[in-house]
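Hi,

Here's the structure I said I'd pass along. Have a look at it first, and my notes follow underneath.

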Amino acid sequence: MAFNIEQLRREFPALNQQVNNRPLIYFDNAATTQKPKVVIERILEYYARENSNIHRGAHYLSQKATEAYEEARSTVQLFINAHFNHEIIFTRGTTEAINLVAHSFFKKFVKKGDEIIISAMEHHSNIVPWQIACEEFGAKLKVIPMDDRGVLDMKAYQKLLTGKTRLVAVTHVSNALGTINPVKEITKLAHDNGSAVLIDGAQALSHMKVDVQDLDCDFYCFSGHKLYGPMGVGVLYGKEEWLNQMPPYQGGGEMIKEVTFEKTTFNELPFKFEAGTPNVGDVLGMEAAIRFISYLRIDEIAAHENRLLAYGMKRLQELDNIRFVGTAPEKTSVISFVFNDIHPYDTGTILDKMGIAVRTGHHCAQPVMDHFEVPGTVRVSFGVYNSRAEIDQLMEALIKVREMFA
Ligand code: C6P
């Protein structure tokens with residue numbers, strides 16, 4: 001079934017506006033997606049009628065907000081098929097989720113001389129926390145190389161795994177290239193080696209079905225704002241057996257059982273990792289986004305976006321002097337490119353003048369840019385509301401860009 005795009009677009013107020021006197025074409029979905037009315041209204045409803053601190057008050061509003069918040073946890077659990085709902089920790093986003101693991105996992109399980117493996121296509125959020133932790137604990141960071149299509153070298157990966165490898169942290173989908181990594185296989189190989197696995201799912205969840213039990217990963221991280229939900233909220237999924245053993249990340253309210261000046265005992269999961277007043281309104285907004293995606297059906301979304309990707313690649317190939325960065329056979333929703341004779345920033349600026357939003361630059365993945373020896377790329381990234389007609393308009397605009405620089 002193809003979506004009724006016009007009808008769907010009416011659900012997204014931000015899409016129905018003019019930018020630089022042109023109807024907005026929004027192709028920056030990998031940075032953040034636009035929000036449907038159900039998400040905006042859910043947040044409004046919370047602040048209008050349910051706002052209260054949770055897990056603390058005996059009064060009606062507090063109980064109502066607490067129930068809604070805990071129900072959202074179960075919605076996330078079902079969405080990614082976690083075994084228990086206390087394996088779902090609400091965070092500020094993917095970045096915080098990765099930092100939490102880098103901090104707490106290291107403290108408990110990593111010692112001097114141990115090794116952590118990441119890949120050559122990681123976002124800075126899945127590089128820097130490991131670098132900081134490795135430096136602090138005297139561990140070593142190793143990197144799985146990729147080829148010139150943006151495909152990980154699995155043979156090299158197997159060679160990197162040693163008796164010292166404590167954890168492998170890889171992205172499910174590359175934000176700069178669109179590559180879908182074989183994370184199930186990566187996990188299996190790591191587990192056979194006795195190493196834990198963290199998957200950065202920031203770019204995956206809005207494009208494909210994710211089942212954490214099937215993947216068997218130990219940690220999975222994502223952000224609400226990349227799946228049609230609000231900013232400032234995300235999820236760390238962690239297997240119970242790891243989370244139970246890991247020390248808290250931050251101290252404060254809600255994560256304690258008992259505090260005296262001599263000693264504090266910590267609360268159980270998931271509260272041990274949710275210090276302070278949580279972002280209840282945005283958790284509920286994220287839940288509404290997950291319901292929205294589930295209603296549209298993730299396999300339908302994926303099919304629609306894959307058609308757009310194939311069509312977009314076919315059309316853009318018609319352009320002169322274009323070089324695609326990221327041509328893996330398994331990829332989703334991202335077309336990254338450069339014109340050999342035009343700086344990406346210039347292309348992006350002219351597209352913006354024509355009402356077309358793309359991202360240009362290194363996409364917080366500088367090592368990827370170094371690998372491909374480009375200063376940055378122009379990134380067109382699709383969401384569920386994009387259409388072939390918009391790709392045709394992008395083509396017309398890119399032809400104009402080329403004419404201007406001819
Ligand atoms: N990538 C992009 O334009 P946060 O900021 O915590 O929600 O997500 C960080 C992050 C982590 N991993 C991957 C693979 C990502 O793509 C991102 C965010 C955005 O590509 C903003 S830089």
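A quick word on terms before the pocket: helices here are DSSP runs of H or I with at least four residues, numbered from the N terminus. Also keep in mind that this is a predicted model.

So, which helix gives the largest share of the lining of the largest pocket? That's α4 (residues 94-109), which supplies four residues. The pocket itself holds about 400 Å³ of space. It has 26 lining residues, and the closest to its centre are Thr-95, His-123, Ser-125, His-225 and Lys-226. By type, the lining splits into 14 polar residues, six charged and six nonpolar. Both domain 1 (5-35 + 297-401) and domain 2 (40-294) contribute, with at least three residues from each.

Now the sheet. There's an open one of seven strands with mixed pairing, in the order β4-β10-β9-β8-β7-β5-β6. Its edge strands, β4 (88-91) and β6 (140-144), each pair on one side only. From one strand to the next, the twist averages 20°.

At the β4 edge, β4 pairs with β10 (residues 234-238) in the antiparallel sense over four bridges. Within that pairing, Thr-91 has Gly-234 of β10 as its bridge partner.

Back to α4: the helix lies across β4, β5 (115-119), β7 (165-171), β8 (196-200), β9 (219-223) and β10, and runs at about 155° to β9. Helix α5 (residues 128-137) packs on the sheet too, touching β5, β6, β7 and β8, and its direction makes about 145° with that of β6.

Cheers

Technical notes
Residues are numbered from 1 along each chain as its sequence is written. This is a predicted model: local features need pLDDT of at least 70, side-chain atom pairs count only at pLDDT 80 or more; totals for chains, interfaces and linings use all residues. Side-chain values use heavy atoms; hydrogens and water are left out. On a 1 Å grid over the protein atoms alone, a cavity is a set of points where a 1.4 Å probe fits but cannot get out, and a pocket is an open set with protein on both sides within 12 Å along at least five of seven lines; lining residues have an atom within 4 Å of a point. Grid points are joined across faces, edges and corners, and a volume is the space filled by probe spheres set on the points. Helices (H or I, at least four residues) and strands (E, at least two) are DSSP runs, numbered from the N terminus. Ala, Val, Leu, Ile, Met, Phe, Trp, Tyr, Cys and Pro count as nonpolar, Asp, Glu, Lys and Arg as charged, and the others, Gly among them, as polar. Domain bounds come from an automatic or database domain assignment. Two strands pair if DSSP finds at least two bridges between them. Axes are lines fitted to C-alpha atoms, for helices over the stretch in contact, and angles run from 0 to 180 degrees between N-to-C directions. Contact means heavy atoms within 4.5 Å.
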